Amino acid sequence: MLNMNNISRIYQSDTIQTHALRDFSLRVNEGEFVAVTGPSGSGKSTFLNVAGLLDNFDRGQYELDGVSVQGLKDDELSRLRNEKIGFIFQNYNLIPDYSIFDNVDMPLRYRGFSASERKRRVEQALEKVGLASRFKYLPSQLSGGQQQRVAIARALAGEPKILLADEPTGNLDSLMARQVMEILHNLNNDGATIIMVTHDPDQAREVNRNVQVIDGQLADFKIYAPLGRSSE
Ligand code: ADP
Ligand code: ADP
């Protein structure tokens, strides 16, 4: 699904050169749930941004769902990103004065789907995160955990090939974090491929694979559970 080979991302300012990623290689198969851990400043966000085509890279090869990314133009990259990637951020990134429905609908509108197709997708996605009845609410009328579930629905509505989550429970108390993690596990059991940056060692242990990043390099990985947790 995702295949990175010797990726380097170098940030250059006048005097300093930072290798945010150096010769970073990682392969993620369809249906995997991978947790990315590592110290602050180690390159986790850079990895997720490169994986999600939000940032470019200086060296190496990256293949996403069979498409070679290097050399693509900006408009090709954004089309690929819209089609294949669903993002979940720590801060939800919902639009405050849009209803829950409109928040989930907005990227679909942007992509030009018909009204009926959009309605189908939004309702189905809100159903999956248990918030179908809240479609008229504003984000401020929901708890933080519910807002993150709306953000997950927004990602799902794009029917992405892969979900990228940057500390999705970072702002949530433990009960709400648990609910969000349960949703991610349910989606993974239904076949979703997920890469999640987390600082929570327990979260990292309960997925298929834990990848540790140190100094921009893949330092270690552990496999906790083979694919197909659902059969447990
Ligand atoms: P993490 O997510 O693990 O905290 P980051 O990927 O945010 O790490 O950062 C990795 C390194 O790259 C850090 O040294 C950071 O300061 C640097 N870095 C990240 N983004 C930029 C940027 N846009 N410009 C310059 N340096 C950056
Ligand atoms: P996180 O803990 O989520 O990785 P960071 O504080 O490390 O958050 O970085 C947040 C964002 O700021 C990163 O996505 C990165 O692109 C940017 N960033 C990090 N370090 C630098 C830097 N030295 N210069 C410019 N941008 C940076």
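Me: A helix here is a DSSP run of H or I, at least four residues long, numbered from the N terminus. With that in hand, which residue just after α1 takes a positive phi?
Reply: That's Leu53, with a phi of about 65 degrees, just after α1. Keep in mind that this is a predicted model. The helix itself covers residues 44-51.

Me: What makes α1 count as largely enclosed?
Reply: A residue is called buried under 20% relative accessible area. In α1, 6 of the 8 residues pass that test, so the helix is largely enclosed by the rest of the structure. The ones that pass are Lys44, Thr46, Phe47, Leu48, Val50 and Ala51.

Me: Why is Thr46 called buried?
Reply: Its relative accessible area is 10%, and the cut-off is under 20%, so the label fits. Thr46 sits in helix α1. Skipping residues up to four places away in sequence, Thr46 touches Arg9, Tyr11, Ala20, Leu21 and Asp55.

Me: What makes a residue part of the shell around ligand 1, and which residues are in it?
Reply: One heavy atom of the residue has to lie within 4 Å of the ligand. For ligand 1 that gives Tyr11, Thr18, Ala20, Pro39, Ser40, Gly41, Ser42, Gly43, Lys44, Ser45 and Thr46. Both β2 (17-28) and α1 supply at least two of them, and α1 has the largest share, with 3 residues.

Me: How do you know that Gly41, Ser42 and Thr46 make polar contacts with ligand 1?
Reply: The test is a pair of N or O atoms within 3.5 Å. A backbone N or O atom of Gly41 is 2.7 Å from an oxygen atom of the ligand, and a polar backbone atom of Ser42 is 3.1 Å from one. Thr46 uses a polar side-chain atom, at 2.6 Å from a ligand oxygen. Each of these distances is within 3.5 Å, so the three pairs qualify. Ligand 1 exposes 560 Å² when taken alone, and the protein buries 58% of that.

Me: And ligand 2: what makes Ser45 a polar partner there?
Reply: An oxygen atom of ligand 2 is 2.7 Å from an N or O atom in the Ser45 side chain, and the limit is 3.5 Å, so this pair counts too. The protein covers 28% of the 560 Å² of accessible area that ligand 2 has on its own. Around ligand 2 you find Ser45, Asn49 and Glu167.

Me: Why is Ser8 called buried?
Reply: Ser8 has a relative accessible area of 1%, and buried means under 20%, so it qualifies. Ser8 belongs to strand β1 (residues 2-12). Its side chain reaches the backbone nitrogen of Asp23 at 3.2 Å. Beyond four places in sequence, Ser8 touches Leu21, Arg22, Asp23, Phe57, Asp58 and Arg59.

Me: What class does Asp65 fall into, and why?
Reply: Its relative accessibility is 25%; partly exposed runs between 20% and 50%, so that's the class for Asp65. Asp65 is in the loop between β4 (59-64) and β5 (67-68). The side chains of Asp65 and Lys84 are joined by a polar contact of 2.8 Å. Leaving out neighbours within four places, Asp65 is in contact with Met1, Lys84 and Lys161.

Me: Compare Gly31: why does that loop residue count as buried?
Reply: Gly31 has 16% relative accessibility, and the line is drawn at 20%, so it counts as buried. The loop in question runs between β2 and β3.

Me: How do you know that the length of α6 agrees with its residue count?
Reply: At 1.5 Å a residue, its 16 residues (174-189) should span 22 Å, and the end C-alpha atoms are 22 Å apart, which agrees. At the start of α6, a side-chain oxygen of Asp173 comes to within 3.2 Å of the backbone nitrogen of Leu175. Just after the helix, Gly191 has a positive phi of about 115 degrees.

Me: What makes a set of residues a nonpolar core, and how many residues has the largest?
Reply: Buried nonpolar residues must be joined through side-chain atoms within 4.5 Å. The largest such set has 37 residues, and those with the most contacts inside it are Leu126, Val129, Ile152, Leu184, Leu187 and Met196. Apart from it lies another core of 29 residues, including Val50 and Leu77.

Definitions and conventions
Residues numbered from 1 in each chain as written. Chains lettered and ligands numbered in written order. Predicted model: local features only at pLDDT ≥ 70, side-chain atom pairs only at ≥ 80, totals over all residues. Heavy atoms only, no water. Helix = DSSP H or I, 4+ residues; strand = E, 2+ residues; numbered from the N terminus. Expected span 1.5 Å × (residues − 1). Polar contact = N/O pair within 3.5 Å; in protein donor to acceptor, adjacent residues only side chain to side chain. Areas by Shrake-Rupley, 256 points an atom, 1.4 Å probe, with all protein chains shown as cover. Buried < 20%, exposed > 50% of the residue type's maximum accessible area, 1.4 Å probe, protein only. Contact = heavy atoms within 4.5 Å.
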